[in-house]
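Reader: I'd like a close look at one small part of this chain, and then how that part sits in the rest. Could you walk me through it?

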Amino acid sequence: MTSFGVSATIVSRYASTCVCSTASNPDPVPRHAAFHLDLPPAAFITNFTVLVDGKAHQAEVMEKRRARELYEAARRQGRTAAHVGTKEKETQRFHVTVSVAAGGDASFELCYEELLRRRLGTYRYSVRLHPRRVVAELRVELSITERAGIAELRVLPLLRGRVTPSVRVEKGTHCARVAFAPTPQEQAALGVISDFVVEYDVARRDAAGDVELYDEHFVHFFAPAGLSPIPKDIVFVIDVSGSMSGTKLKQTKAAMRSILHDLRPRDRFNIVAFAEAACVWREDGSVPATASFVRSATRYVDALQADGWTDINHALQVVAALLHRPAEEPRVPLLLLLTDGEPTAGVTNIPRILSNAHRALSSSSALLFGLAFGDDADLALLRRLAAASGGTAQHVPEEADAAFRLADVVREIDSPLLRDVELTYPGAMAQHVTPKLFPGYFRGSELVVAGRLEPGTERLRVQASGRG
């Protein structure tokens, strides 16, 4: 590999990225050149082009079943074709290999787009740098434009870097530019280069949110401040099947000790440990996060042992029964599911698990958040379970610090500010509006609605409601 470059533009929280890589084959025989990139979870590919010995091969992005049908048809007819796809568990990983002739060159260009999600008070843009070795040219160029104004911006240290990278940042009121171009000597000093991360936030001047109108469309960003947190009722659902033994369970216990001590006294909590069966810490229901209950819960977590198979369906039914019990005051019911595997006991059919979970949890309006440990976890299932309730799911790679990631997820949902949020646009101007009902709004996050406008619309009326 001779070069690796990233060119990205962010406009109104929407990021467009192109990653370019060039490789040359100095050997007297053909060699394989590989290009792979780990994509952000919410990203979608818009273009992929391979240039081999001056000839461009451009991929067409289409629905997966249609792409497979066209590829099989071409193969049966004896025509040259290639199909690039991903397994459901590896939707974040793009990989392709081409053969490069002796003395030849190959260039790869992958473009993708994503809407940046606000969490813990900032938008995070991240791109994976992995030339795997020192290259002659390594560069990252990022421009940010925010009509509302850029309130703050910072570049995070490179993961596992031994020295702070030299990054050029130019920041104005509404625009910013970030450039990173380490020399080969600087690359060697940095060691293993990983994620290049920029965090920023925008100025917020109106409680109704930030609304942008453009080309007969609108987007509404809603992130009110100054609201008091609502007490929460959180159930920690911990996988203790055999595959969680060792480091995973050890890290989970370490994270839970910290999390339990950070709960507010007005919060209530409970713990469900599951494998083939589900064991509830407090059968009589959730308890307040007092010092005595936190100490008791910590002892319970420390005593957990990993063994058996994984019955996610049964665990969720048990949790739903706990959350249906009446509370003394309005609370936000939350469910944090931690697992490293896929369903192997009880109900293992994914559609049935999704249907059962939706039926069991919908009446309590519980928001489910998931954390998938390692490569064997069914991240797709966790994402679908979470999305159905209004929550999110994240993946923790095998080599990552699971305790840190778990604590990070809990921080994100630590302060619910509103329940049952509805964003409406009175009048006939707004049409084809994306979902505008949200189960909850948390401090540091943001709710986003987009839609079409009648031609000539220059003003949009906004109405927001929620319980807090």
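Where is the place of S194 in the chain?

Author: Sure. Keep in mind that this is a predicted model. S194 sits in the loop between α2 (184-190) and β14 (195-202). Being in a loop doesn't put S194 out in the open here: its relative accessibility is 4%, and since anything under 20% is called buried, S194 counts as buried. It also has a partner from elsewhere in the sequence. L129 is 65 residues away along the chain, yet the C-alpha atoms of S194 and L129 are just 5.1 Å apart.

Now set that beside another buried spot, E412. This residue belongs to helix α8, which covers residues 402-412. Its relative accessibility is 8%, so E412 is buried by that same 20% cut-off. If you leave out residues up to four places away in sequence, E412 touches R117, R119, L120, Q394, F442 and R443. Sequence separation and distance in space can also be read off for E412 and S126: they are 286 residues apart along the chain, with 18 Å between their C-alpha atoms.

One of the residues E412 touches, F442, leads on to the aromatic rings. The chain has six aromatic pairs. Take F369 and F442: their ring centres are 5.9 Å apart and their planes meet at 85 degrees, so this pair is edge-to-face. The pair ties together distant parts of the chain, with F369 in strand β22 (residues 367-373) and F442 in strand β26 (residues 437-442), 73 residues apart. Both of these phenylalanines are buried.

Zooming out, the chain holds eight helices and 28 strands. Of its 468 residues, 47% are buried. Long-range links show up in the totals too: among contacts with a separation of 6 or more, 74% are between residues 24 or more positions apart.

As for overall shape, a compact globule of 468 residues would have a radius of gyration near 23 Å, and the chain's 25 Å agrees with that. Along the principal axes, the C-alpha atoms fill a box of roughly 75 × 60 × 50 Å. The accessible surface comes to about 23,400 Å², and carbon and sulfur atoms account for 51% of that. On the charge side, there are 56 positive and 55 negative side chains, and the centres of those two sets lie 2 Å apart.

Key:
Residues are numbered from 1 along each chain as its sequence is written. This is a predicted model: local features need pLDDT of at least 70, side-chain atom pairs count only at pLDDT 80 or more; totals for chains, interfaces and linings use all residues. Side-chain values use heavy atoms; hydrogens and water are left out. Helices (H or I, at least four residues) and strands (E, at least two) are DSSP runs, numbered from the N terminus. The radius of gyration is taken over C-alpha atoms; the globule rule is 2.2 Å times the number of residues to the power 0.38. Buried means under 20% relative accessible area, exposed over 50%, partly exposed in between (1.4 Å probe, protein chains only). Contact means heavy atoms within 4.5 Å. Accessible areas come from the Shrake-Rupley method with a 1.4 Å probe; for residues, only the protein chains shown count as cover. Lys and Arg count as positive and Asp and Glu as negative; His and the chain ends are not counted. The place of a charge is taken as NZ of Lys, CZ of Arg, CG of Asp or CD of Glu. Rings of Phe, Tyr and Trp (its six-membered ring) pair if their centres lie within 6.5 Å; planes under 30 degrees apart count as stacked, over 60 as edge-to-face and the rest as tilted.
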